[in-house]
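Dear colleague,

Here is the structure I promised to hand over, with my notes on the ligand, the salt bridges and the empty spaces below it. Please read the notes with the structure open beside them.

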Amino acid sequence: MKLIIANWKIYLGAKESVALARRLSKIKSKNQLVVCPSFPVVSEVKKALGKNIKLGAQNVAQKPDGALTGEVSAGMLSSLGCQYVIVGHSERRHTLSETDAQIKEKLRVVVSSKMIPVLCVGETLSERKSGKTIEIVRKQLSVLRGLKFENLVIAYEPVWAIGTGLTPTLEQISEVHKTIKKVIGKLVSKTKVLYGGSVDKKNAQKILSLAEVDGALIGRASTDYSSLKKIIQ
Ligand code: 13P
C-alpha cells in the first residue's frame with residue numbers, strides 16, 4: 001500500500017474542496033489517501049472525507065501557542081482531526097523564506113501534538129545542474145538531528161519539478177530516495193519516503209512502482225477528481 005498525499009495548496013475554494021472530498025470518499029482504493037486542504041476548510045473537508053481518507057495540514061505555526069498572528073497551531077490542527085502536517089514545503093522555503101531553524105521548531109510541535117510530519121526536501125535546478133543534489137538533501141535532513149520520531153514521512157520534491165510538468169528520471173528519483181532512506185534509517189524506524197513534483201495520472205504508476213518510493217505528494221493533479229482517482233486506485 002502506497003501513501004498518497006494530496007496537497008491542495010490554495011487551488012480550490014471552500015465549496016469545491018468539500019465537493020471534491022465528498023466524491024473522493026466514495027472511491028475504493030488500495031492505497032492510503034491523505035488530503036491536505038487549506039486551513040479554513042479543514043473541518044468541513046474532514047466531515048466530507050469519511051473514514052477511509054486521512055486529513056492533513058499544509059503548514060503549522062512554529063510555536064505551540066501565544067502571539068503569532070495569522071498562524072494555526074499544531075494543537076488546533078490535531079483537535080480538528082489532522083494526522084499529518086506538511087513541513088518545509090519548497091514554496092514556503094523559497095517564496096516565504098522559511099528557514100531550517102523554523103522547520104525544526106515546526107517538526108517539534110507536530111510531534112508533540114502526536115501528528116506525523118511530512119518533511120519536504122529537494123534541490124533547485126541550479127543545485128541539480130552543479131551536482132549538489134545529494135549534498136543539499138542531506139543538509140535539509142540534518143534538521144532531524146536531536147528530535148525523536150515514531151513516524152515520519154519525507155517527501156523528495158525537487159523545486160524545479162514542482163508545478164512545471166518536469167520530473168527527474170526514475171534513476172534520479174531512486175538515487176535520492178536511497179540516500180534519504182540511508183540517512184533516516186539510523187534515526188527513525190518507521191519512515192516513508194514519497195516523491196513529489198509534477199506527479200500526474202500519466203507518470204504516477206511508473207514512479208510508484210519503484211521499490212524505494214513509498215508514495216507520492218501531489219499538488220495540481222490532486223485537485224482533479226479523475227486524475228486523483230486514477231492515481232490512487
Ligand atoms: P505539483 O504536483 O503541482 O507539481 O506540486 C507538487 C507539490 O508541491 C506537492 O506538495
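A polar atom in the side chain of Asn7 sits 3.0 Å from an oxygen atom of the ligand, and the side chain of Lys9 brings an N or O atom to 2.8 Å from an oxygen atom of the ligand. Gly219 makes its approach through the backbone instead, with an N or O atom 2.9 Å from a ligand oxygen. Taken alone the ligand would expose 300 Å², and the protein buries 98% of that area. Please keep in mind throughout that this is a predicted model, so that every value here is computed.

The shell around the ligand holds 13 residues, and the closest are Lys9, His89, Glu157, Gly163 and Ser198. By character, that shell divides into 6 polar, 4 nonpolar and 3 charged residues.

Lys9 also takes part in a salt bridge, in which its side chain meets that of Glu91 at 2.7 Å, N to O. What does this pair tie together? Lys9 lies in the loop between strand S1 (3-7) and helix H1 (14-24), whereas Glu91 belongs to helix H4, so the salt bridge links parts that are 82 residues apart in sequence. Over the whole structure, the search finds 9 salt bridges.

Helix H4 comes up again in the enclosed space of the model. There is 1 cavity of 30 Å³ or more, and the space in the largest cavity amounts to about 30 Å³. Its lining is made up of Gly88, His89, Ser90, Arg93, His94, Cys120, Val121, Gly122, Gln140, Glu157 and Val159. Two of these names, His89 and Glu157, are also listed among the residues closest to the ligand. H4 provides the largest share of the cavity lining, with 3 residues, and both H4 and strand S5 (116-121) supply at least two residues each. The lining of this cavity divides into 6 polar, 3 nonpolar and 2 charged residues.

Turning to the open pockets, the largest has about 320 Å³ of space. Of the 18 residues that line the largest pocket, Ile10, Gln58, Asn59, Arg92 and Leu96 lie nearest its centre. Which helix gives the most to that lining? Helix H4 (residues 90-95) does, with 3 residues. Nonpolar and polar residues number 7 each in the lining of the largest pocket, and a further 4 are charged.

The second largest pocket has a volume of about 240 Å³. The residues that line this second pocket are Gln83, Val111, Lys114, Met115, Ile116, Pro117, Lys148, Phe149, Glu150 and Asn151, which divide into 5 nonpolar, 2 polar and 3 charged.

If you would like one place to begin, I would suggest helix H4, which holds Glu91 of the salt bridge with Lys9 and gives the most to the lining of the largest pocket, as well as the largest share of the lining of the largest cavity.

With best wishes

Note on methods. Residues are numbered from 1 along each chain as its sequence is written. This is a predicted model: local features need pLDDT of at least 70, side-chain atom pairs count only at pLDDT 80 or more; totals for chains, interfaces and linings use all residues. Side-chain values use heavy atoms; hydrogens and water are left out. On a 1 Å grid over the protein atoms alone, a cavity is a set of points where a 1.4 Å probe fits but cannot get out, and a pocket is an open set with protein on both sides within 12 Å along at least five of seven lines; lining residues have an atom within 4 Å of a point. Grid points are joined across faces, edges and corners, and a volume is the space filled by probe spheres set on the points. Helices (H or I, at least four residues) and strands (E, at least two) are DSSP runs, numbered from the N terminus. Ala, Val, Leu, Ile, Met, Phe, Trp, Tyr, Cys and Pro count as nonpolar, Asp, Glu, Lys and Arg as charged, and the others, Gly among them, as polar. A residue is near a molecule or strand if one of its heavy atoms lies within 4 Å of it. A polar contact is a pair of N or O atoms within 3.5 Å; within protein, one must be able to donate a hydrogen and the other to accept it, and residues adjacent in sequence count only if both atoms are side-chain atoms. Accessible areas come from the Shrake-Rupley method with a 1.4 Å probe; for residues, only the protein chains shown count as cover. A salt bridge is a side-chain nitrogen of Lys or Arg within 4 Å of a carboxyl oxygen of Asp or Glu.
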